[in-house]
Amino acid sequence: MHRICNVFLKNNKRALCGTAALFFVCCLSNFGILYAQPANVSVQVTGPGNEKIANATISINEQRQKADDNGFVQILLEQGNYSIQISAVNYFSYNFSVKINADTILFAELKPRESFLGNVTVTSSRNVSGNQMSTQSLSMEQIRKLPVILGEIDPLKTITLLPGIKNGGEGGSGLYVRGGGPDQNLVLLDGIPVYNPNHLFGFFSIFNGEAIDKIEVIKGGMPANFGGRLSSVINVSSRNGNRDSLKGSGGIGLISSRFSLEGPIIKGKSSFMLSARRTYIDQVARVVAKSEIGNNGYFFYDINAKADYNINDNNQLLFTFYTGDDNFKFSNTDNGRNTNFNTLWGNTLAGLFWKQKISNRLQQETGLIYNKFALTNRSTFSAFSFAFASGLEDLQVKTDWQFASNKWLKLKWGLQYIKHQFAPGAGDVTAGVQQFISDIKNQYAHEAAGYITTDIKVTPKLEMTAGMRYSYFNQVGPTSRIIYGADGEPTGETESFKRGESIAAYHYPEPRVSFLYKLPAQASIKASYTRTTQFLHLATTSGATFPSDLWVPSGEKIKPAIAEQVALGYFKNLDGNQYELSAEAYYKTMSNQIEFRPGAQLLLNQNIEGEMIFGSGVAYGIELFAQKKTGRFTGWIGYTLSRTERTFDELNNGKPFTYRYDRTHDLSIVGNYRLNKKWDMAAVFVYGTGNALTLPKGRFGFNLGLDLAENRPIFTNINQYDAINDYRMPAYHRLDIAFTYTPKPNSSKRYKSSWNFGIYNVYNRRNPFFIYVDVDRDAQTVEGRKVYLFPIIPSVTWNFKF
C-alpha cells in the first residue's frame with residue numbers, strides 16, 4: 001500500500017494570454033522505488049462549459065496522439081520532464097511543460113476562435129504520423145469558405161474535390177470512390193447509416209451545414225469496426241451544443257434558409273443543438289406566378305437535433321436525431337386530359353449512445369440505432385393511375401470497446417447486429433374502374449458482425465494495425481420467392497417461408513492490415529490491405545423517370561459482393577506541418593457486381609432477381625494531393641489518374657468494358673485567400689475526363705405494317721450498337737469563385753454576421769448532363785445533342801450568429 005496525495009495546479013490568467021485555461025491533477029507515490037515505473041498519463045480536452053473537444057491533437061515531446069470523440073487520450077510515459085502542446089481546429093492552441101513522476105491526469109480547457117471564417121491554425125498532422133491511410137477530412141470552417149451552387153453549403157459535394165472521389169457529373173446524385181458504385185459507400189451521420197443522402201434528385205445532400213461539425217472519408221485501409229460496404233466510409237459528425245450559454249446561427253440564401261439554436265439544458269452538464277432548413281422556391285414561385293405555377297412545386301426540409309448529458313465524469317449519454325423529406329408535385333391539364341404526379345421521399349434517423357470510461361485504459365460505447373428510408377409515388381394520367389412505395393427500415397444495436405495495454409499496444413473490439421426490413425416496391429395500378437393490386441412481399445434479414453483490431457508500435461519507426469471482422473447475413477421469412485431452374489430461369493413456381501425461417505445465409509472473414517514506417521524529416525510510407533463484404537444492393541436504373549431506388553438483400557440468387565484492395569502511399573510534411581504532400585497508388589478487385597438486363601422491369605416486380613446479371617470489376621489508380629494549411633493563403637490541389645472496368649458474361653460479348661463513371665483524369669484546385677480583415681476570397685477549378693456512355697453506331701428502318709387509315713406503311717428506327725461505353729462525353733471543367741464580407745470582424749458583441757457572394761461556372765461552360773440522338777430529316781443526318789443544366793449562376797447568402 002502507498003499513500004496518494006492530489007496536487008492541484010492552476011495557471012493564472014496572465015500566463016494564459018487569453019488562449020486556454022489549463023489545470024492538472026498529479027497523483028504522487030511516496031515510495032521512491034516506484035518512480036522508475038512508466039506513468040499512465042491521461043488528457044481530457046474540453047471547451048467552455050465542459051464541452052468535450054473531439055479529435056484534439058496532443059503532442060508530448062513531439063509524439064502526437066489523437067483524442068477520441070470525448071476529447072480523451074491516454075498514454076504511458078517514462079518519468080521525466082515533458083513539453084506538451086494541445087490544439088484543435090477552431091480553438092487556440094496551448095503549450096506548457098510538466099514533470100511526470102506518477103500516474104497523472106491533465107484537464108485542458110481551450111478557448112474557441114470567435115470568427116466566421118478565421119484562418120484555421122493546424123499545429124500538427126496525422127498525414128505523416130497517423131497509421132490510417134487513404135483518409136481525408138474537412139471541417140465546416142474549410143467548407144464554408146468554398147463557392148457552391150446557389151449558395152447552399154454542402155459537405156457531401158465538397159468532398160468530391162478530394163482525389164479518388166467523383167460524382168456522377170453535373171447534378172449527379174452518386175458518389176463514386178475508387179471505382180465503386182454509389183451504393184458501395186457507407187454514409188454515416190453520427191454513426192447512423194444513411195441510405196439516401198440526397199435532396200433535389202441529387203443536386204444537394206441531406207447534410208445541413210449549420211448542423212455539421214466535420215466530414216471524414218476513408219477510401220482504403222478501412223478499419224475493422226466498419227463494414228457492410230465495399231468502397232468507402234463517409235463519416236459525418238454533427239455539432240454538440242454549447243454547455244455555457246444560449247447561442248444561435250443561421251443563413252438566408254436564394255433557395256433556402258437555415259437556423260440553428262444551441263445551449264445548456266443543465267449548465268456545465270448537458271446541452272442541446274437544434275437545426276432546421278427548408279427551401280422556399282415553391283412558395284416564392286406561387287406568389288410571383290400563381291396562375292402559371294398553380295399547385296406545382298418542389299421543396300425539401302430537414303431537421304437535426306442532438307443532446308448530451310454527463311451522468312458523471314465517467315459516463316455520458318448522447319442522443320442524435322434527423323428527419324427530412326423531399327416533396328415534388330406536378331399537375332397539368334392538356335386537351336381535357338389530367339396529369340398529376342406526386343413523389344415524396346426521405347429519411348428518419350435516431351440514435352442513443354452510452355459512452356463510459358471504465359478506467360484510464362478501458363472505454364466502451366454502446367448504441368441503439370433506428371433508421372428508415374421511404375419513397376412513395378402516385379401518378380395519374382386521365383383514367384389511369386399508378387401508385388408505388390418502397391423503403392428500408394433498420395433496428396441496430398452495437399457495442400465498441402477500447403483498451404490501451406501500454407504505449408506500444410492498443411486493442412479495439414466490438415459487436416454489431418442489424419434487423420433489416422425491406423419494402424421492395426408494393427403498389428397498385430388503376431385503369432378506368434378496374435384496379436390491379438401488386439402486393440410485393442416485404443423481405444427480412446439479419447446482419448451481424450464481430451471484430452477485433454490492434455494497434456502495435458513494433459519499433460519507434462514501424463507501426464502496424466491488424467484487424468479481423470467476421471460478418472454474417474441471413475435472409476429470412478416471412479416471404480415468398482420465385483423458384484429458378486438449373487438454367488437460371490424462373491420455373492413459374494413460388495416457395496413460401498415462415499417467420500424467421502432461413503432462406504439464404506452467408507458468413508465471411510474480412511481481414512484488414514496496415515503499416516506505417518516513419519522516415520526522417522517528417523515523412524512516412526504507408527501500406528494497407530482490406531477485404532470488405534456487402535450484403536445490401538441498390539437496384540436502380542438510369543432510365544427511371546422518378547426516384548426509384550430499391551434496396552434488396554442478398555439471397556439465394558443474389559450473392560454478396562466482395563472487394564479486395566491494396567494501397568501504398570508516401571506522405572510528407574514541410575515547413576512545420578504548414579504543407580502536406582501525399583501520393584497513393586491502389587488496386588481493387590470486386591466480385592458479384594450487379595447490372596440489369598436491357599429493359600429491366602424494377603418496379604412492382606416480385607421477380608427482381610431475374611432482372612439481374614452478375615459480374616466482376618477492377619479499379620486502379622494513382623492519387624496526388626498537396627495542401628497548404630496555414631497562412632493568409634490556404635488550399636489544395638488533388639489529382640487522380642485512374643481506370644475502372646466491369647466484366648459480365650452477358651454484356652459486351654463477355655469482354656471488359658469501361659465503367660460508366662470511369663474518369664481517367666480528375667483534377668481539383670482549391671484556393672482561399674484573406675484579402676483583408678473584412679474580405680475573404682475563394683476559388684475552385686475542376687477538370688475531369690467525360691463520362692463513358694454507349695451511343696448507337698448506326699440506324700435502320702423496320703416496317704411495322706400498314707396504316708389502313710392513311711394507306712401507307714409504318715416504319716420505326718432501330719439503333720445498332722457495338723461495344724458498351726465506347727464513347728466519351730466532352731471533358732467536364734468549371735471555375736467557381738466566392739467572396740465573404742464580414743462587416744465587423746473585430747466586434748466584441750455576441751451578434752455577428754457576414755455576406756457570401758458566389759458565382760458558379762464563371763465562364764459559362766456548357767457541361768453536358770446527358771446526350772441524346774436526334775435526326776435531321778431534311779439533311780438525312782443523325783446527330784448527338786448535348787443537354788446541360790447549369791449556366792453561370794450568381795448567388796448571395798447572409799449568415800449570422802449570436
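Trainee: A salt bridge here is a side-chain nitrogen of Lys or Arg within 4 Å of a carboxyl oxygen of Asp or Glu. Which side chain does Arg643 meet in a salt bridge?

Mentor: Bear in mind that this is a predicted model. In the model, the side chain of Arg643 meets that of Glu645 in a salt bridge, at 3.3 Å from N to O. Arg643 has a relative accessibility of 27%, so Arg643 counts as partly exposed.

Trainee: Do any salt bridges link up, I mean, which residues are joined into one network?

Mentor: Arg178, Lys219, Glu584 and Glu623 are joined into one network by salt bridges that share partners. In general, side chains of opposite charge can pair when their charged atoms come close.

Trainee: How many salt bridges are there in the whole structure?

Mentor: A search of the whole structure finds 19 salt bridges. One of them is between the side chains of Arg512 and Glu510, which meet at 2.7 Å from N to O, and both of these residues are buried.

Trainee: And Glu595, which residue does it form a salt bridge with?

Mentor: Glu595 forms a salt bridge with Arg660, and the closest N and O atoms of that pair are 3.2 Å apart. Glu595 lies in strand β38, residues 579-596, while Arg660 lies in the loop between β41 (657-658) and β42 (665-674), so the pair ties together parts that are 65 residues apart in sequence.

Trainee: Is Glu595 buried or exposed?

Mentor: Glu595 counts as buried, because its relative accessibility is 14% and the cut-off for buried is under 20%. Its partner Arg660 is at 33% relative accessibility and therefore counts as partly exposed.

Trainee: What else is found in that loop between β41 and β42?

Mentor: Asp662 is found in the loop between β41 and β42, and with a relative accessibility of 0% Asp662 counts as buried. Leaving aside neighbours within four places in sequence, Asp662 is in contact with Ser642, Arg643, Thr644, Gly690 and Arg728, so you can find Arg643 from your opening question in this list too. The side chain of Asp662 also reaches the backbone nitrogen of Thr644, at 2.7 Å.

Trainee: How far is Asp662 from Gly180?

Mentor: Along the chain Asp662 and Gly180 are 482 residues apart, yet their C-alpha atoms are separated by 9.7 Å. For the protein chain as a whole, residues 24 or more positions apart account for 65% of the contacts with a separation of 6 or more.

Trainee: Changing topic, what about the nonpolar core, how many residues does the largest one have?

Mentor: The largest nonpolar core has 69 residues, and those with the most contacts inside it are Ile159, Leu189, Phe207, Ile215, Ile234, Met612 and Trp636. A second, separate core of 24 residues includes Ala88, Phe96, Val98 and Leu110. In soluble globular proteins, nonpolar side chains tend to be buried together.

Trainee: Which residues is Met612 in contact with?

Mentor: Leaving aside its neighbours within four places in sequence, Met612 is in contact with Ala539, Val552, Ile558, Ile594, Glu595, Phe596 and Arg597.

Trainee: Which residues form the nonpolar patch on the surface?

Mentor: Ile265, Ile266, Tyr309, Ile311, Leu317 and Trp354 form that patch, with about 510 Å² of accessible area together. The elements giving two or more residues to the patch are β20 (256-266) and β22 (297-312). Tyr309 lies in strand β22 and counts as partly exposed because its relative accessibility is 33%.

Trainee: I also clicked on Asp394, so where does it lie?

Mentor: Asp394 lies in strand β26, residues 384-406, and at 2% relative accessibility Asp394 counts as buried. The side chain of Asp394 makes a polar contact with the side chain of His420, at 2.7 Å. Beyond four places in sequence, the residues that Asp394 touches include Tyr195, Ile369, Ile418 and Gln421.

Trainee: Which residues is Gln443 in contact with?

Mentor: Leaving aside neighbours within four places in sequence, the contacts of Gln443 include His420, Gln421, Phe422 and Glu609. Gln443 is placed in strand β29, residues 443-457, and counts as buried because its relative accessibility is 8%.

Trainee: Last one, how many helices and strands does the protein chain have?

Mentor: The secondary structure of the protein chain comes to 6 helices and 52 strands, and of its 802 residues, 50% count as buried.

Technical notes. Residues are numbered from 1 along each chain as its sequence is written. This is a predicted model: local features need pLDDT of at least 70, side-chain atom pairs count only at pLDDT 80 or more; totals for chains, interfaces and linings use all residues. Side-chain values use heavy atoms; hydrogens and water are left out. Helices (H or I, at least four residues) and strands (E, at least two) are DSSP runs, numbered from the N terminus. Buried means under 20% relative accessible area, exposed over 50%, partly exposed in between (1.4 Å probe, protein chains only). Contact means heavy atoms within 4.5 Å. A polar contact is a pair of N or O atoms within 3.5 Å; within protein, one must be able to donate a hydrogen and the other to accept it, and residues adjacent in sequence count only if both atoms are side-chain atoms. Patches are made of residues with over 30% relative accessible area and no salt bridge: like charges are joined within 9 Å, nonpolar side chains (Val, Leu, Ile, Met, Phe, Trp, Tyr) within 5 Å. Accessible areas come from the Shrake-Rupley method with a 1.4 Å probe; for residues, only the protein chains shown count as cover. A nonpolar core is a set of buried Ala, Val, Leu, Ile, Met, Phe, Trp, Tyr and Cys residues joined through side-chain atoms within 4.5 Å.
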